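Colleague: Please take me through this one step by step. I will ask short questions.

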Amino acid sequence: MGIIRILAPYLTLLRPNLVQNHQLIMARRLYASRTIGVDKNVWVEFTQLAADYKAVNLGQGFPDFSPPQFVQDAFCKAVSGGPQMHQYTRAFGHPRLVKSLAKFFSRVVGHEIDPFEDVLVTVGAYQALFCAFQALIDDGDEVIIVEPFFDCYQPMVLMAGGTAVYVPLRPKGGSSVLSSGDWVLSAEELTSKITPRTKAIIINTPNNPLGKVYKVEELQMIADLCIKHDLLCFSDEVYEWLTYDGAKHVKIASLPGMWERTVTVGSAGKTFSATGWKVGWAISSGKLIKHMKIIHQNSVYHCATAAQEAVSHGFDREYELFGTPESYFQQLPAMLHQKRQKLASCLRSVGLQPVMPEGGYFMITDISSVNVDLNDESTKNESYDFRFVKWLIKEKGLATIPVSAFFSPEHSKEFDKYIRFCFVKEDSTLEAAEEILRKWSQKE
Amino acid sequence: MSYTRRILNAFRFTCRSFPTNCRRFCTSQSVMASRHTHAKRIEGLDKNVWVAFTSLAADPSIVNLGQGFPDIPPPSYVKDALAKAASVDRMNQYTRGFGHPSLVKALSQVYGKVYSRQVDPLKEILVTVGGYGSLFSTIQGLVDEGDEVIIVEPFFDCYVPMVRMAGAKPVLIPLRPKSGKKTVSSADWYLDPDELSAKFSSKTKAIIINTPNNPIGKVFTRGELQVIADLCIKHDTLCFSDEVYEWLVYKGHQHVKIATLPGMWDRTITIGSAGKTFSVTGWKLGWSIGPEHLIKHLQTVMQNTLYTCPTPLQEAVAQGLLLNYKLMGQPDCYFSSLAEELEGKRDRLAAILQEAGMSPVVPEGGYFMLVDVTPLNQDLSHMGDDEAYDYKFVKWMIKEKKLAAIPVTAFVGEESKEQFEKYIRLCFIKEDSTLEAAGDILKNWRKV
């Protein structure tokens, strides 16, 4: 990758940019080199395809049901609130929201969080990740990414001038793995990837796409290495409330020695089933947040006010109801637990092998036992799961996401027989998917 | 790589390789401190005038003519459209990354009319988090390390740090008041064509212009834009045109889009803002419009920074644009009715300042007014020497007179500070009562 970036300016000189009226624009390169190699995006490709074929969409991770009434009401109230609801608020986070977040998470983490120093509100967790990489990763830094990873981590590392180093979660044993808990990180393998240039490690728990919820021992192993080698830890915890079968979400930032070196990222979109609001946050020691604030103030500067106001009310309600059956953070996982079961049994009934996720929105399924003729010239050179997913959209009208998109180029071949389903959908959507799968298996 | 950084890296490496030796020389605290260094790209970019002044002005007893946001309400139909959008399930979930379909279509319609050309909604438009986000996507997508970017002073303050964050060099050129004349209008400030020409070099990647200009309020004429366009074409550079105040142009002046000049569409990114268009700065939606071969790089940045903008807000802006598209050219189109309302406020504020013995620079567009505070003769020697006069003046004025403004040297580089340090910027998109309250403070200036 590095060689390509070095050669790129020379290569593009050979290919001047021509435009429609044949006027030459910029005989030298137009675009910035930081955009090299980060232009492809699996979502852009697959959401378009799903829309074109009007597929039953279990692909992209968003609910097709509404956010809970109480946040919707809070949003309406904010919209009809005073004029200040429609004007700029505090750049690093609407005061009411950062106070709600600090209060809520101080109790969860067991550490006093300063609302103005330790919290940065961002345009979705996506932008929080962007700020973390841009503020803290420099040219030549290495970042360890645990695979499978949410696909944006790699281009973000690249755009920050860093080098991604991959360590895969691997299914233990050799036999069929039935649960995300069966996928583990090898301490030896992880240690072997650390070099003097390693700056940070990024983990995602609950994990997308696998659904793994890291146990405290697993996080302790990672924490020990972070402390020993003085690494930063970026912990993407957007699905933190979605754990099933008694699995417990543990915040690595709460382990001894980790608060000052961990950036924890969260999402209102995933917390309150309102992905379209794009409100997220980073919580960390003020020493790290202050650097991220600089990126934020030089990129978007503010986030939308009304949505922040609404999310703040959501958190205040949840603070009061925490741990009780009325809490949305209890009700949502309970509802999703059912949907998870439903999808898993439907997949099994047609001969597929789902990997039961301990948490999150997604379920991956082994498709190696499926025998189809992927007779599509246009996808000939792509990996098996990419080809399979496209075939499934075009021929069966069912949209999913290929799992090798979440693996590095060096490991994707090992994991190209899995596809990812999102089960955070209305029962009617799941039933429609079930119908498609049943018809398909009956034909065989 | 800086010298300090090299030493730190060497130190880190040594510590790692010889841990037992290092324990004698460093505590775990200092090893941790050396590791947690920030990335080079943010060095020197921490200061920000808004962060400094918005908290100072936040006290509700202060008459705030500082930060540029309206205290007048937005049109009710946009608020209604937002409430309506949020009630639709699908509108609370992710939409298309590069811009919500109904919004990019509406933008394509409105701007197709304005540009008199077809604007492809999917390929020639990117929706961003405010005009700010558009500037960021543009600079990150198209400006590289080692590039030079020409910036006209006074400039909206983020241009310089954004250019520096991209590893490029800002090359500044000031607007100058016409000699001999006492400046009474923003039209009296001009760009010297020879001075501008000399700023272009083989490293120049782009020039950033802002019309109507913040803070002066200058509306560049077609002739002035042609001079800039000629240089862009001659030197084969790009043009980033920040036109967030495009609708706010007052009688006798016309907003001209540099992208409509011959040869310019293919090399220009034009930036617009829902916040400024509909008086909803807190919605943070903006857009970049340009040719596909440029916009696609901005889209790459978008998909790697925040991916998509909020859905219900985009839907509401789409509704607002469609409504006003039908009314374009008519007096009740918000694009013109807001300008008319603001012209009245502009004239009221100018009168207030004149009554107080000062000479405001009456803007041709935008919602800010510069005023030279020299006639107030305010002695600030007790405030020390480490800041420009206008910074000290505004801080003092907020504290002592409960009136907030923004110091103009925040919008210029080091070399031009002296030229601008007697000016402060006042925002007039405010309720009449706010403007009158400011008037009272200025009238009673001499009274303790």
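Colleague: Over the face of which ring does Lys425(A) lie?

Modeller: A charge sits over a ring if NZ of Lys or CZ of Arg is within 6 Å of the ring centre and within 35 degrees of the ring normal. Lys425(A) is 4.2 Å from the centre of its ring. That ring belongs to Phe62(A).

Colleague: How far is the charged end of Lys417(A) from the centre of the ring it sits over?

Modeller: Here the ring is that of Tyr384(A). The charged end of Lys417(A) sits over it, and the distance to the centre is 5.0 Å.

Colleague: What kind of model is this?

Modeller: Residues are numbered from 1 along each chain as its sequence is written, chains are lettered from A and ligands numbered from 1 in the order in which they are written, and side-chain values use heavy atoms, with hydrogens and water left out. Local features need pLDDT of at least 70, side-chain atom pairs count only at pLDDT 80 or more, and totals for chains, interfaces and linings use all residues, for this is a predicted model.

Colleague: Which side chain reaches the backbone oxygen of Leu45(B)?

Modeller: Look in the loop between helix 10 (286–297) and helix 11 (305–321) of chain A (helices are DSSP runs of H or I, at least four residues; strands are runs of E, at least two; both are numbered from the N terminus). The residue there touches Tyr132(B) and Phe136(B), among others (contact means heavy atoms within 4.5 Å). The reach is 3.5 Å, a polar contact (N or O atoms within 3.5 Å, one able to donate a hydrogen and the other to accept it; residues adjacent in sequence count only if both atoms are side-chain atoms). The side chain is that of Asn298(A).

Colleague: Is Asn298(A) buried or exposed?

Modeller: Buried means under 20% relative accessible area, exposed over 50%, partly exposed in between (1.4 Å probe, protein chains only). Asn298(A) has 1% relative accessibility, so it counts as buried.

Colleague: How many disulfides are there over all chains?

Modeller: A disulfide is a covalent bond between the sulfur atoms of two cysteines. The search asks for sulfur atoms within 2.5 Å. The sulfur of Cys152(A) is 12 Å from the closest cysteine sulfur, in Cys131(A), too far for a bond. Over all chains the count is 0.

Colleague: How far apart in sequence are the parts tied together by the pair of Tyr239(A) and Phe362(A)?

Modeller: The two rings are 5.9 Å apart, centre to centre, with 85° between the planes, so they count as edge-to-face (ring centres of Phe, Tyr and the six-membered ring of Trp within 6.5 Å; planes over 60 degrees apart edge-to-face, under 30 stacked, the rest tilted). Both residues are buried. Tyr239(A) lies in a loop and Phe362(A) in strand 12 of chain A, so the pair ties together parts whose separation is 123 residues.

Colleague: Which residue in the loop between helix 11 (274–277) and strand 10 (286–289) of chain B has a positive phi?

Modeller: Most residues other than glycine have a negative phi. This residue is not a glycine, yet its phi is about 60°. It is buried, with a relative accessible area of 1%. The residue is Ser279(B).

Colleague: What is omega for the peptide bond from Thr205(A) to Pro206(A)?

Modeller: Pro206(A) is in the loop between strand 7 (198–204) and helix 8 (216–228) of chain A. The bond is cis, with omega near -10°.

Conventions. Lists of a residue's contacts leave out its neighbours within four places in sequence.
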